[in-house]
Amino acid sequence: AAEDKAAFDADIAVLRRDHPDDSLIAMYAGEKISAPLPADAPAPLSGAPAWSTTQLEVLARLRDLARYWTDERQIPNGELGGKLDDDVEILRWWTPLVLTGDTRALAGFRRLAEAVWHSPRIHNGYSRAARDVEHSAEFISDTLPILSLATADREWIERLSWSYRHMRDLWTGRNDRGDLQFKSAWIGATEILSDPPRNRDLAMNTRAAKAVRYYARLAPAPDAARLLQDWSLTWAKTAARTDKGKPRGLFPASLRWPDAALNGDEPDWYRANMFWDYFDWSGQGDLYDQLLFSWNDSHNPALLEPMRDTLALLEQNPNPAADAAPGS
């Protein structure tokens, strides 16, 4: 928000005046600062392409950062010093390390995942409290899927099955059009909150579906794959609609349960008006990815249509006018 930016600019100006030689403050102010390579960074090979040298450097720097958290900050029960649903967010950036065999990153990842799983915040394999999906899903989606993939541990894979059962039995249902959708974006292990405007499906529900996708692949679980297929088809059909002036191919910000109205009674297709404006757009790319996941199972061409239609829009409007009307 503009007021946040103004407050930041005022504060950083004071800090820079009082601490002109502080490199961290300079970095926050947008300056590039000197950051020597970690001691164990591999030397570039003669003749190697620039992208590969850069990639090795990025991995070395990421490894160095992960070492700080696993060796200096992580306590024996796995926590990193914040609160669990913030701690887990750091794991999103450790995936390249975990999947390339970094045993120390994997050990730290596992310790935090175990802390989450045995926390009172988790019940029946998901958030005990029904919360907005951004926060209820991250306990599981940021821990179990990648750990299950990296270790192929049957216990971890079976823990993913809770999310499948919740999605099948609690979170979703057939709407008035006969299509499968989430009944709410506020979900938990035993209940959902459906008071308007919480009674909407939206792109960010892909966070809760992430564990189900990994379970479908790793178990493997054909029933889970079919459930995801039905949900993906709902959004493919929704993308084809043009209610409220929505261009064909794009996803609306939300889909109301049970009548599948785009953003419920809101006047346009692109503004959900659901407490936080990031619900209008966050997760849209993940929803395209969800459809691609289901297409890889079924090769149903309907699942690719939103991507084709969106690319066509981009090709038709390579340089959109700065004053173009919202939603046009």
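These notebook entries record what I looked up in this predicted model.

**Entry on Arg159**

I began with Arg159 and asked in which helix it lies. I found Arg159 in helix H10, which spans residues 154–171. I then asked whether Arg159 is buried or exposed. The relative accessible area of Arg159 is 8%. Because the cut-off for a buried residue is under 20%, I recorded Arg159 as buried. Setting aside residues up to four places away in sequence, I listed what Arg159 touches: Glu114, Trp117, His118 and Leu144.

**Entry on the nonpolar core**

I next looked up the largest nonpolar core and noted that it has 76 residues. Tyr126 and Met167 are the residues with the most contacts inside this core. I also asked which helix gives the most to the core. Helix H12, residues 222–240, does so with nine residues. I then followed Met167 further, leaving out its neighbours within four places in sequence. Met167 is in contact with Thr172, Phe182, Ala209, Val212, Leu227, Leu228 and Trp231.

**Entry on Trp186**

I turned to Trp186 and located it in strand E6, which covers residues 186–187. The relative accessible area of Trp186 is 5%, so I recorded this residue as buried. Beyond its neighbours within four places in sequence, Trp186 has contacts that include Ala130, Arg131 and Asp132. I also noted Ile192, Leu193 and Arg198 among the contacts of Trp186. Met274, Phe275, Trp276 and Phe279 are on the list for Trp186 as well. Finally, I looked up how far Trp186 is from Pro320. The two residues are 134 residues apart along the chain, and their C-alpha atoms are separated by 35 Å.

Conventions:
Residues numbered from 1 in each chain as written. Predicted model: local features only at pLDDT ≥ 70, side-chain atom pairs only at ≥ 80, totals over all residues. Heavy atoms only, no water. Helix = DSSP H or I, 4+ residues; strand = E, 2+ residues; numbered from the N terminus. Buried < 20%, exposed > 50% of the residue type's maximum accessible area, 1.4 Å probe, protein only. Contact = heavy atoms within 4.5 Å. Core = buried A, V, L, I, M, F, W, Y, C linked by side-chain atoms within 4.5 Å.
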